[in-house]
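Work through the exercises below with the sequence and the 3D structure in view. Each task is followed by a solution in steps.

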Amino acid sequence: MARKKLNIRPFSTEQSIQKAESASSSPLTWVLDSGGEVYSWSTRMERVNLIRQGVPYHTIETISDRLDRPIKTVLSILRIPQTTYNKKKSEHSLLDTHESELIVLLTELIDYGITVFNNEEEKFQRWLKKPNLSLGGQSPDSLLDTATGIDEVTFSLNRIEFGNFA
């Protein structure tokens, strides 16, 4: 019986590094609202500066729409009372550093999740609500109130993307 020869190339660390650098060098673009207000960054330090400046309160609505959750849910994630949100939004205030960071992390998570689910937002949103074994049986959306929780959800998406469910 003739054996079929597989065309397997050895792993190249250099190519892997080049691929990672080219992927991270392209600027990320974040659309904050339907009015077209856009923030973009291409380095982590630019991202830090954006977070320190603060993002507008109306970005909470954007996250609410993208997660397909009520604004009250996003406010509970950010630990902002409804009355504070209403007042600060009408004053066109900016979120503080912690809240801005969670908004940025949530936006990146949503973008990544939609990519992992082949741009099928509904599938991603359903996945967020279902208990997940890799998250200790918790649903991904129950972990979105901390940076560490968002990281764990991102790691879970990463395992899905690369087929490593263990």
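pLDDT is the predictor's confidence in each residue, on a scale from 0 to 100. The model is predicted, so local features need pLDDT of at least 70 and side-chain atom pairs count only at pLDDT 80 or more, while totals for chains, interfaces and linings use all residues. Residues are numbered from 1 along each chain as its sequence is written, and side-chain values use heavy atoms, with hydrogens and water left out.

**Exercise 1.** Find where confidence in the protein chain is lowest and where it is highest.

Step 1. Start with the whole chain: the average pLDDT is 84, and 77% of the residues score at least 70.
Step 2. List the elements, where helices (H or I, at least four residues) and strands (E, at least two) are DSSP runs numbered from the N terminus. There are 8 helices and 2 strands, in the order α-β-β-α-α-α-α-α-α-α from the N terminus.
Step 3. Compare the means: helix 1 (residues 13–25) is lowest at 56, and helix 4 (residues 71–78) is highest at 95.
Step 4. Where pLDDT is low, the predicted coordinates should not be read in detail.

**Exercise 2.** Determine which parts of the chain the salt bridge between D145 and R79 ties together.

Step 1. Apply the criterion: a side-chain nitrogen of Lys or Arg within 4 Å of a carboxyl oxygen of Asp or Glu. In D145 and R79 the closest N and O atoms are 3.2 Å apart.
Step 2. Locate both residues. D145 lies in the loop between helix 7 and helix 8 (147–161), and R79 in the loop between helix 4 and helix 5 (82–90), so the pair ties together parts that are 66 residues apart in sequence.
Step 3. Check the exposure (buried is under 20% relative accessible area, exposed over 50%, partly exposed in between; 1.4 Å probe, protein chains only). R79 is exposed at 56%, whereas D145 is partly exposed at 25%.

**Exercise 3.** Name the partners of E91 and K123 in salt bridges.

Step 1. E91 pairs with K87, the closest N and O atoms being 3.3 Å apart. E91 is partly exposed, at 42%.
Step 2. K123 meets E120 at 3.5 Å, N to O. K123 has 39% relative accessibility and E120 has 32%.
Step 3. The structure holds 7 salt bridges, of the kind treated here.

**Exercise 4.** State what share of the protein chain is buried.

Step 1. Take the chain length, 166 residues.
Step 2. Of these residues, 34% count as buried.
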